[in-house]
Amino acid sequence: MSTVWNDSTPIYRQLRDRVVAMILDGVIKQGDPLPSVRQVAGDFQINPITVSKAYQELVDENLVEKRRGLGMYVSDGARDALLKSERERFLSEEWPALHARLARLGLSLEQLIEAAKSGEKK
Amino acid sequence: MSTTAMNPIVRARNLSKQYGATKALDAVNFEIEAGRIVGLIGPNGAGKTTALKAILGLTDFDGELSVLGFDPRTQRAQLMEQVCFIADVAVLPRWIRVSEAVEFVAGVHPRFSREKCNAFLAHTKIAPGMRVRELSKGMIVQLHLALVMAIDAKLLVLDEPTLGLDILYRKSFYESLLSDYFDESKTIIVTTHQVEEVEHILTDLMFIRDGKIVLDATMDQVAERYAEVMVNPDKADAARALKPLNERQIFGKSIFLFDGADRSQLSQLGELHKPSIADLFVATMKGTYA
């Protein structure tokens, strides 16, 4: 597996974001186990501390729970909680920058909707 | 690596080694704690192999060195029960069969598990009846790794373990190490010139140059200390005034590497990035061969 990490965000953070994306996309469902720290460290060739740190973030956010002796599992309600928080984060962090860029390019709402529709048709 | 650790795996105090007029190690101090994966990185002739040899009790030295609480000079036998070593130089005799090599290690090493070793070999194309001379370089390293990973050792020393291997073998080497071997009770010291392949595996980074340790930090500390900024020409002089460690040019822009500079100040100049180990290495070793 060849994974490209960007160098402006810590890797544990990017790993956490990957797991979040997989939960949002339904690739990992509620109640599903997460792969072991060893497994992920081996697959991505990153040190186990980085993996543990990413998992701990998810535990702190109540998205994942640790079951003693069994490993990490996606919590019930994780997807709904994520949708809520990721929507809020998009609106407060990503949208202002995106909005500014759209304004700079002079793109109107109609043009964007048109582009989205033709994209869906393809 | 903090100096307050109770029982470091390796502790060196004024470790020195002289070959004729050359100081291979010049009063080096460092400590390595359990559960770390430490990269010892340096140009050719910097003293890496000498440091490893001292740790393994393969060379005499001046100063103090304690490995797992033992003195490598006088307690090498006890030490070797807990330490494993893989070097790029093949030490397996070419005539030996794979099964004989496994039996040999099982016979001499009390902490060796034949089951573990065979289970690992079962994932490779190495057959028990093959002789070492029939194996490719990649397979010999796999055999080495199988023998070593089956030993429940506290410290694993790797000296250029993937030298001369193709990309597939290199990847699977570190993959096996991380998923089948390493845990927080083990410690790995690795030297390599392929810094990009261990970049994310390491927990600690040590740079060695002319027999001296010029950087000794955890990867988290490295990420905090060093920053790279890509700067437009109009701000280049402002960046130079902040005393960068290094400057290089890409597409008419300057990339500056800073050590310990104020991040809010740097972000005025351009976008901040974490430097790669390779970039950090080049900046630190500037002028080594000049």
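In the hairpin of E1(B) and E2(B), two residues lie between the strands, and B:Gly20 takes a positive phi near 60°. Strands (E, at least two residues) and helices (H or I, at least four) are DSSP runs, numbered from the N terminus. The model is predicted: local features need pLDDT of at least 70, side-chain atom pairs count only at pLDDT 80 or more, and totals for chains, interfaces and linings use all residues. Residues are numbered from 1 along each chain as its sequence is written, while chains are lettered from A and ligands numbered from 1 in the order in which they are written.

The hairpin belongs to an open sheet of three strands in chain B, ordered E2-E1-E4, with antiparallel pairing. Two strands pair if DSSP finds at least two bridges between them. Strand E2 (22–32) and strand E4 (62–67) of chain B are the edges, each pairing on one side only. Neighbouring strands are turned by 25° against each other on average, direction ignored. Axes here are lines fitted to C-alpha atoms, for helices over the stretch in contact, and angles run from 0 to 180 degrees between N-to-C directions.

Seven bridges join E1(B) to E2(B). B:Arg11 has B:Glu31 as its bridge partner in E2(B). Five bridges join E1 (residues 10–19) of chain B to E4(B). There B:Ser16 is partnered with B:Asp62.

Helix H1 (residues 48–55) of chain B lies across E1, E2 and E4 of chain B, at about 120° to E1(B).

Now the chain contacts. 14 residues of chain B are in contact with 14 residues of chain A, contact being C-beta atoms, placed from the backbone, within 7 Å. H6(B) gives the most to chain B's side, with four residues.

Methods. Two residues are in contact if their C-beta atoms, placed from the backbone, lie within 7 Å.
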